Amino acid sequence: MTTTYLLKLGELTLKGGNRRLFETALRKNLASLLKGSGASIDMRDGRFFVHCPESAQAKTEDALGRLMGIAGWAKTRIANKTPQAVTAACVEEGRRLYESGIRTFKIEARRTDKSFPLDSYQIRCMAGEAVTREFPGLRVDVHKPGGVIEVEIREKAYIFGNSRRGRRGLPVGTAGRGLLLLSGGIDSPVAGYMMASRGMALDAVYFHAYPYTSEKAQEKAELLAGIVGRYAPGLRLFPVSFTAIQTRIKERAPVSWRTILLRMAMMDCAEKLALGRGDKCLISGESLSQVASQTIENISCTQSRITLPVLRPLIGMNKEEIIAIAQDIGTYETSILPYQDCCVLFTPPHPVLRGNPVEAGTLYDALEAGPLIEEAFGGCV
């Protein structure tokens with residue numbers, strides 16, 4: 001027994017002459033997520049179809065729930081292209097709605113095959129009357145329906161109810177590759193997810209400072225990278241030992257500047273790794289003024305020694321918004337595990353709030369950290 005899912009494309013439909021490139025990337029990503037399921041992929045007239053064995057429905061639906069670049073998806077019935085067959089399929093969808101407790105519905109219809117004897121309005125009327133006749137407890141409500149039955153007349157007739165919302169955005173890999181500065185906190189995994197949703201493929205770097213941070217902290221980062229990688233196929237994590245650099249900062253830098261100088265060193269090291277990997281930018285989970293190191297002045301300091309662009313998709317978001325996304329994508333419970341990364345442990349009691357990039361540069365040069373960064377960077381590739 002084969003189950004068919006219909007996938008609705010969203011933003012991809014606006015790509016004009018480049019649309020085929022986006023569709024190819026979407027198909028490649030979908031095939032990667034479906035690997036081992038026995039499912040096949042078909043594309044026709046702006047729709048993707050996934051056909052899978054009944055035993056693979058759970059794996060297929062999990063994959064579709066993580067796929068970037070689709071507006072929605074639904075398990076669909078396939079009927080003969082006759083008014084009678086379409087009506088019968090709509091009645092069966094109505095039965096499913098009614099048995100699930102839904103009491104209001106509407107019919108949406110789209111006819112791309114103009115040889116079908118009924119137009120979209122007539123299909124809606126015919127199917128709606130048939131459903132309400134079969135289930136008097138269901139009534140039509142076109143404004144706020146509890147359920148929606150959709151009909152698409154193409155090379156076949158497809159009937160489905162209550163489409164599930166897709167991840168939207170663009171297929172991963174269509175917007176280049178960036179390097180995510182991944183910590184063990186809530187924010188950076190969400191930042192990576194958001195850039196993946198805009199089509200960016202990801203690498204990730206994690207800075208650890210054993211024995212100041214435990215091995216559990218690194219394991220936590222690896223778990224987070226794995227979760228983000230479920231949405232961004234091909235993500236690779238690079239752990240970098242920063243113990244020697246943190247020790248140098250502790251020895252030579254004013255206490256209030258330690259966090260800023262540490263982040264400057266991380267940006268320096270991350271840029272070297274990104275350039276070596278061919279990544280086009282760095283990605284940070286910073287949110288404006290959330291903590292002392294994320295004031296606009298301190299952000300200017302931390303990126304003052306690099307040339308690659310730094311993308312900050314969370315910059316205007318508040319913590320509640322970020323947490324909501326973390327919970328949705330499944331990173332939150334891992335992020336709040338009590339294993340702190342080196343940034344948290346290195347936070348001074350009275351940090352600089354509005355650093356000056358010139359002063360920051362002078363203090364950074366005095367660290368003479370270049371060889372230490374080269375050594376740390378060389379150990380991760």
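Okay, let's start with one residue: Gln122 has a relative accessibility of 36%, so Gln122 counts as partly exposed. Keep in mind that what we're looking at is a predicted model. Gln122 sits in helix α4. Now pick out Asn356 as well: in sequence, Gln122 and Asn356 are 234 residues apart, and in space their C-alphas are 69 Å apart.

To put that distance in context, the C-alpha trace of the protein spans about 80 × 35 × 35 Å along its principal axes. The secondary structure comes to 14 helices and 14 strands. There are 381 residues in the protein, and 52% of them are buried. And if you take the contacts with a separation of 6 or more, 79% are between residues 24 or more positions apart.

Back to α4, then. What does it pack against? One answer is helix α3: α3, residues 83–99, and α4, residues 120–134, pack at an angle of about 50°, and their axes are 9 Å apart. That angle makes α3 oblique to α4. The crossing of α3 past α4 is right-handed. On the α3 side you've got Pro83, Val86, Thr87, Cys90, Val91, Gly94 and Arg95 making the contact, and on the α4 side Met126, Ala127, Ala130, Val131 and Glu134. Sort the residues of that contact by class and you get 8 nonpolar, 2 polar and 2 charged. If the spacing of those numbers looks familiar, remember that an α-helix has 3.6 residues a turn, so residues three or four places apart point the same way.

Next, helix α2, which is residues 57–66. Which of its residues are buried? They are Gln57, Thr60, Glu61, Ala63, Leu64 and Arg66. As for what they pack against, the buried residues of α2 go up against β1 (2–9), α1 (19–33), β3 (47–53), β4 (70–79) and β9 (164–165).

Now for another single residue, Ser197. You'll find Ser197 in helix α5, which covers residues 187–197. Is Ser197 buried or exposed? Its relative accessibility is 14%, so Ser197 counts as buried. Leaving aside residues up to four places away in sequence, Ser197 touches Met68, Arg168, Gly169 and Leu170. Look at Met68 in particular: Ser197 and Met68 are 129 residues apart in sequence, but C-alpha to C-alpha they're 5.8 Å apart in space.

Let's move on to the sheet. This one is an open sheet of 5 strands, with parallel pairing, and the order is β12-β11-β10-β13-β14. Which strands stand at the edges? Those are β12 (236–241) and β14 (310–311); each has a single partner strand, so one side of each is left without a neighbour in the sheet.

Further in, take β10 and β11. Strand β10, residues 177–181, pairs with strand β11, residues 201–208, in the parallel sense, over 5 bridges. To see the register, find Leu179, which stands opposite Asp203 in β11. Then go along to Leu181, whose bridge partner in β11 is Val205. How enclosed is β10? Of its 5 residues, 4 are buried, so β10 is largely enclosed by the rest of the structure. And a general reminder while you've got the sheet on screen: in a regular strand the side chains alternate between the two faces of the sheet.

Two more helix pairs before I stop. The first is α7, residues 243–252, with α14, residues 370–378: they pack at an angle of about 160°, axes 9 Å apart. At that angle α7 is roughly antiparallel to α14. This crossing is left-handed. The contact comes from Ala244, Ile245 and Arg248 of α7, plus Leu372, Ile373 and Ala376 of α14. By class, that's 5 nonpolar, no polar and 1 charged.

The other pair is α8, residues 258–277, and α13, residues 357–367. Their axes come within 10 Å and cross at roughly 70°, and α8 and α13 are therefore roughly perpendicular to each other. In α8, look for Leu261, Met264, Ala265 and Asp268; they meet Ala360, Gly361, Leu363, Tyr364 and Leu367 in α13. The residues of this contact split into 7 nonpolar, 1 polar and 1 charged.

That's my tour, so over to you for questions.

Terms used: Residues are numbered from 1 along each chain as its sequence is written. Side-chain values use heavy atoms; hydrogens and water are left out. Axes are lines fitted to C-alpha atoms, for helices over the stretch in contact, and angles run from 0 to 180 degrees between N-to-C directions. Helices (H or I, at least four residues) and strands (E, at least two) are DSSP runs, numbered from the N terminus. Angles under 35 degrees count as roughly parallel, over 145 as roughly antiparallel, 65 to 115 as roughly perpendicular and the rest as oblique. A crossing is left-handed if the near helix is turned anticlockwise from the far one by less than a right angle, and right-handed if clockwise. Contact means heavy atoms within 4.5 Å. Ala, Val, Leu, Ile, Met, Phe, Trp, Tyr, Cys and Pro count as nonpolar, Asp, Glu, Lys and Arg as charged, and the others, Gly among them, as polar. Two strands pair if DSSP finds at least two bridges between them. Buried means under 20% relative accessible area, exposed over 50%, partly exposed in between (1.4 Å probe, protein chains only).
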